[in-house]
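Subject: Handover of a structure

Dear colleague,

Please find below the structure that I am passing to you. My notes on what was found in it follow directly after.

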Amino acid sequence: MTARPRRTYGHRRSTAALGYQAPRQPISPGDVQALVLAHLRAYPHLDFTTGELARALHRSRTAVVTACQRLVDAGDARCTQQRPCRYQATG
């Protein structure tokens, strides 16, 4: 029996293989909330899903979901659609 050659993907390299890691500084949950609110206020006529916000802010989706829920509870944002949840700044 002959073995199939292993597929190699020479064009895909991880950042670890390149020897570079982008500097990442942890921030507090309140700071994520401030980032989300600033983004929502920058685009008051649009509503965003948590995934869109996470990609725009380069933060985890879980942190953005928590921040959005806290903003809704505080009255700074509102949920414009239930599934998928979309958020928009109030006022």
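In these notes, helices and strands are DSSP runs, with at least four residues for a helix and at least two for a strand, numbered from the N terminus. Please bear in mind that this is a predicted model.

Overall composition

The protein chain contains four helices and three strands. Read from the N terminus, their order is α-α-β-α-α-β-β. The chain has 91 residues, of which 24% count as buried. Its exposed surface comes to about 7,100 Å², and carbon and sulfur atoms account for 51% of that area. If one takes the contacts between residues at least 6 apart in sequence, 49% of them join residues at least 24 apart.

Helix H3 and the residue after it

Helix H3 spans 50–57. Which of its residues are buried? They are Thr50, Gly51, Leu53, Ala54 and Leu57. Viewed down the axis of H3, these buried residues lie within an arc of 160 degrees, so they line one face of the helix.

His58 follows H3 and sits in the loop that leads from this helix to helix H4 (61–74). Although His58 is not a glycine, its phi is positive, at about 55 degrees. In general, most residues other than glycine have a negative phi. As for its surroundings, His58 has a relative accessible area of 59% and is therefore exposed, the cut-off being over 50%.

A cis peptide bond

A further point concerns the loop between strand E2 (77–81) and strand E3 (86–89), where Pro84 is found. The peptide bond from Arg83 to Pro84 is cis, and its omega is near -10 degrees. Most peptide bonds, by contrast, are trans.

An aromatic pair

The count of aromatic pairs comes to one. The pair is formed by Tyr43 and Phe48, with 6.1 Å from centre to centre and 70 degrees between the planes. Its geometry is edge-to-face, because planes over 60 degrees apart are classed in that way. Are the two partners buried or exposed? Phe48 is buried, with a relative accessible area of 12%, whereas Tyr43 counts as partly exposed at 36%.

When you open the model, you may wish to begin with H3 and His58, and then turn to the bond from Arg83 to Pro84 and to the pair of Tyr43 and Phe48.

With kind regards

Conventions. Residues are numbered from 1 along each chain as its sequence is written. This is a predicted model: local features need pLDDT of at least 70, side-chain atom pairs count only at pLDDT 80 or more; totals for chains, interfaces and linings use all residues. Side-chain values use heavy atoms; hydrogens and water are left out. Buried means under 20% relative accessible area, exposed over 50%, partly exposed in between (1.4 Å probe, protein chains only). Contact means heavy atoms within 4.5 Å. Accessible areas come from the Shrake-Rupley method with a 1.4 Å probe; for residues, only the protein chains shown count as cover. The arc is that of the directions from the helix axis to the C-beta atoms. Rings of Phe, Tyr and Trp (its six-membered ring) pair if their centres lie within 6.5 Å; planes under 30 degrees apart count as stacked, over 60 as edge-to-face and the rest as tilted.
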